Every structure is written in structure tokens, then in C-alpha cells.
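Please look over the structure below before reading on. The explanation then goes through it part by part.

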Amino acid sequence: MTAGALSGVEIWDGERLLGAGGVAWADGVLGEIAVDPGVPACGLSVVPGLVDTHVHLDVAVGEQPADSGWALATGEADKALHVAGGALRFARNGVTTLRDLYATEPQFAAARALASGVVPGPRLLAYGPVSMTAGHGDLFTPRGAAARPPVADGVDACRRLVREWVRAGADGIKIYTSGGILSLGDEVGWRNHTFEETAAIVDEAHALGRRVAAHALSAEGVDVAIRAGADSVEHATGLAAGQIDALAAAGVPVAPTLAVHERILAGDDPLLAAARRQTRAVVAQRDAVFAEAARRGVRFVLGTDANGRLVPYTGAHAELRRMRDVLGWSAERTLVAGTSDAAASLGLGGSVGRIARGYSADLLVVRGRPWEDLDVLDPSRIVAVVAQGRLLHGTLPTP
Ligand SMILES: [Zn+2]
């Protein structure tokens with residue numbers, strides 16, 4: 001059933017408080033929003049479901065940490081089920097739109113099942129990766145592995161891989177304009193693809209109506225992403241103060257992925273010793289530069305990089321609190337970055353991320369006023385989650 005109604009709650013529409021009232025939906029789409037100043041506040045409010053623009057759903061499988069090593073060895077069919085299950089875990093914690101930024105067949109299959117309602121759940125966008133040999137996207141797979149995800153070297157191969165992902169069902173393309181931290185034997189300072197290759201990937205994706213998300217940890221990588229016309233910058237951790245105005249002027253959304261780097265630094269896993277060394281270097285200037293970037297209008301949006309291991313599928317709430325603190329934003333400004341503007345950054349601004357007539361019925365009912373206090377988004381205070389018109393978690397309050 002994709003119809004329902006909610007009344008006697010305060011409504012925050014993705015940008016501002018409308019007041020107390022009710023919302024109703026049919027076929028998964030919101031109807032007229034009724035605001036009535038006479039309605040007594042019952043302590044509950046409804047806000048748009050959160051939008052996490054950067055997740056990885058095929059790394060952890062099952063509920064237990066011990067299950068996670070299994071992810072490397074399991075088959076595609078199992079992975080598709082774990083991807084859908086992981087998406088549902090996000091949804092139970094208030095995230096009703098997700099973008100997987102290393103998607104292959106299991107994500108494409110899960111995204112189709114979620115979109116069609118075969119599996120009732122959140123909306124999943126799946127972006128196929130285009131990495132060079134020895135690039136960040138390639139080095140996640142150990143060098144001796146028998147099966148590797150495809151890579152592309154040279155302009156023609158780059159265009160071809162974009163076309164293959166689109167044929168397979170990708171909603172967009174993930175690229176890399178610098179090395180990374182968790183990939184094996186990688187260095188953040190390495191160039192990934194030549195500028196011509198990167199520009200060709202972006203051009204080809206755009207020609208086929210697909211957006212491009214660019215992983216960039218170095219200042220040079222951020223510069224290449226902007227110049228090549230990428231539609232979002234992921235991490236931007238090594239952003240230099242001198243780049244802030246160009247980034248703000250381009251209006252390109254940036255997912256700062258604050259928590260994942262803090263989790264890497266806080267851990268003591270000997271396998272992550274190299275990752276800690278590189279993380280320490282890239283985050284050294286991060287908070288001061290990001291705070292200045294937020295002041296000068298850089299468009300930061302929610303992106304947790306959650307993979308169920310370093311950052312749990314419950315991590316959106318903690319990431320928003322870190323964004324508020326590091327960026328110096330109010331709770332309300334931060335919530336915009338986790339709802340309406342995050343949806344707009346994915347190209348869904350006309351249908352997702354707002355409580356307004358004609359928008360998807362993706363709703364988060366909580367006890368309290370999250371636009372004043374982000375702690376209200378803690379999973380323990382979630383009363384109900386509706387995704388694409390279906391109640392996925394909790395109970396809708398009755399008037
Ligand atoms: Zn990521």
C-alpha cells in the first residue's frame with residue numbers, strides 16, 4: 001500500500017517550518033499539505049526522509065562484524081540481497097534516498113527491485129565506477145584476485161566503460177581524480193587518469209544523461225573535478241584555501257565525509273596503519289578550510305561514505321552533527337544539506353527531499369524538532385519512516 005496520511009504534527013518541509021498540520025499521500029506521492037494554526041502540537045514532527053549521497057552497500061554483509069570478511073568471497077546473487085538488506089537498514093534509521101558510489105550488478109539489481117516495489121524500501125541510485133589501472137577504484141581489489149571489476153585506460157576505453165555501465169543500468173558514473181586512503185598500496189597524491197581521460201568520461205556520461213561524482217582527496221584532484229565538469233566532489237578533504245572561491249562559484253555539491261576519516265584515525269587496526277598515516281596528512285587543515293568554505297558558500301551536502309564497517313548504516317545522524325560543528329552551521333541549515341539540497345545535488349530536486357504537493361512521500365516522523373536540535377534524529381527517537389509511500393518502520397501516529 002502506497003497511500004496514507006498523517007495529522008497533528010509539525011511540518012518542516014526541507015527548508016523551513018510550515019506549522020502544525022497534516023500530510024496525505026496516494027500512489028507514493030504527496031497531496032496538498034494542510035497547515036492549520038489551530039492544531040495543537042503533540043510533540044511530534046515530520047521532515048523529509050534523509051538523503052545520503054555517498055554510501056557503499058556491498059562491503060558489509062549480515063548484522064555482525066564477523067560477517068564482513070565474507071563480503072569479498074560471496075557471489076553476485078548473495079550480494080544483491082545484502083545490498084537491498086543494507087538499504088533497508090539505512091531506511092529504518094531515517095535515510096530514504098541513497099546513492100551507492102561503487103555500484104556493479106548487485107546494486108543495479110537491488111536498485112531495480114527497490115524502484116519497482118518488489119522489495120519495499122528506500123530509493124537507491126547506483127553509480128558505476130570508471131577507474132584507471134592502479135587507480136583508487138582498482139586498488140580495492142587485491143592484486144592476486146582472480147576476478148576484478150573493469151578498469152579503463154585511454155580515452156576510448158573510458159568512453160566505452162561509461163557506455164557499458166549505462167547499458168547495465170547505472171544511474172550515474174563515479175570517477176577518481178586522486179588516489180585514496182583505504183585502497184591497497186594507493187597514495188592520495190597520485191594522479192588518477194589524465195585530464196583528457198577524465199574530461200572524456202564526464203562528456204560521455206553527460207551525453208547519455210548521467211551525472212558524474214568525482215572522488216577527490218587532493219587539492220589537484222578537486223581542481224580537475226571542477227575543470228572537467230563533474231557534478232559532485234566527494235571528500236574534497238585536501239581542499240586548499242585558495243580553491244574555495246572557485247568551488248563556491250561552480251556551485252558543485254561537496255560531500256565532506258567527515259566521520260569516516262575520523263573513524264580511521266580513532267581506530268588501532270594494524271591493517272589500517274597506512275590509511276591512518278595518509279588520513280592524518282589530508283585532514284590536517286581540513287576543519288579550518290571547510291569552515292571557511294561553508295562561510296563563503298560552498299555547497300556541502302550529506303554523504304557518509306558508510307559501508308557498515310568503519311561508518312555504520314546508522315551513521316547519517318552522527319555525520320550531520322559533525323557537519324554542524326565543523327562547518328559552523330545551524331541545525332536547520334545542516335538539515336537542508338541532508339534533505340532538500342542533497343536531493344537537488346542528485347538531480348532529484350523536483351521530486352525528492354521536500355514535503356510538498358507532488359513530491360515523493362519519503363517522510364521521517366520524530367519526537368521533537370530536528371531543525372532546532374539534530375539530536376532528535378537519533379534512531380531511538382524515530383517514530384516512523386515512510387519511503388516511496390510505504391511505511392517501512394515504526395507506527396504512524398493516529399490523531
Ligand atoms: Zn566512498
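What follows starts at the metal site and moves on to the helices. The model is predicted.

The zinc ion is held by three residues: His 54 through NE2, His 56 through NE2, and Asp 305 through OD, at 2.0 to 2.2 Å. Along the sequence, these donors follow the spacing H-x1-H-x248-D. His 54 belongs to strand S6, which covers residues 50-55, while Asp 305 sits in the loop between helix H9 (286-295) and helix H10 (316-327), so this pair links parts that are 251 residues apart in sequence. Are these two residues buried or exposed? A residue counts as buried when its relative accessible area is under 20%. His 54 has a value of 1% and is therefore buried. Asp 305, with a value of 13%, is buried as well.

Asp 305 deserves a second look for its backbone. Its phi is near 60 degrees, which is a positive value in a residue other than glycine. Another residue of this kind is His 235, where phi is about 80 degrees and the residue is again not a glycine. His 235 is placed in strand S11. With 5% relative accessibility, His 235 counts as buried.

The loop that carries Asp 305 runs between H9 and H10, and these two helices also pack on each other. How are they oriented? Their axes are 8 Å apart and the packing angle is about 80 degrees. Angles of 65 to 115 degrees count as roughly perpendicular, and H9 and H10 are therefore roughly perpendicular to each other. On the H9 side, the contact is made by Arg 286, Asp 287, Phe 290, Ala 291 and Ala 294, which meet Arg 322, Val 326 and Leu 327 in H10. Sorted by class, this contact has five nonpolar residues, three charged ones and no polar ones.

Ala 288 also lies in helix H9. Its relative accessibility is 56%, and Ala 288 therefore counts as exposed, since the cut-off for exposed is over 50%. The C-alpha atom of Ala 288 is separated by 8.1 Å from that of Val 326, a residue 38 places away along the chain.

Helix H7 brings several of these elements together. H7 covers residues 258-266, and its buried residues are Leu 258, Ala 259, Val 260, His 261 and Ile 264. These buried residues pack against strand S11 (232-235), helix H8 (273-283), H9 and H10. Strand S11 is the one in which His 235 is placed.

The last stop is another pair of helices, H3 (residues 155-168) and H4 (residues 195-207). They pack at an angle of about 30 degrees, and their axes are 9 Å apart. Angles under 35 degrees count as roughly parallel, and H3 and H4 are therefore roughly parallel to each other. The crossing of H3 with H4 is right-handed. Which residues of H3 and H4 meet? From H3 come Val 155, Cys 158, Arg 159, Val 162 and Arg 163, and from H4 come Glu 196, Glu 197, Ala 200, Ile 201, Asp 203, Glu 204 and Ala 205. By class, six residues of this contact are nonpolar, six are charged and none is polar.

Notes:
Residues are numbered from 1 along each chain as its sequence is written. This is a predicted model: local features need pLDDT of at least 70, side-chain atom pairs count only at pLDDT 80 or more; totals for chains, interfaces and linings use all residues. Side-chain values use heavy atoms; hydrogens and water are left out. Axes are lines fitted to C-alpha atoms, for helices over the stretch in contact, and angles run from 0 to 180 degrees between N-to-C directions. Helices (H or I, at least four residues) and strands (E, at least two) are DSSP runs, numbered from the N terminus. Angles under 35 degrees count as roughly parallel, over 145 as roughly antiparallel, 65 to 115 as roughly perpendicular and the rest as oblique. A crossing is left-handed if the near helix is turned anticlockwise from the far one by less than a right angle, and right-handed if clockwise. Contact means heavy atoms within 4.5 Å. Ala, Val, Leu, Ile, Met, Phe, Trp, Tyr, Cys and Pro count as nonpolar, Asp, Glu, Lys and Arg as charged, and the others, Gly among them, as polar. Donors are N, O and S atoms within 2.8 Å of the metal (3.2 Å for Na, K and Ca); water is not among the atoms, so sites may look incomplete. Buried means under 20% relative accessible area, exposed over 50%, partly exposed in between (1.4 Å probe, protein chains only).
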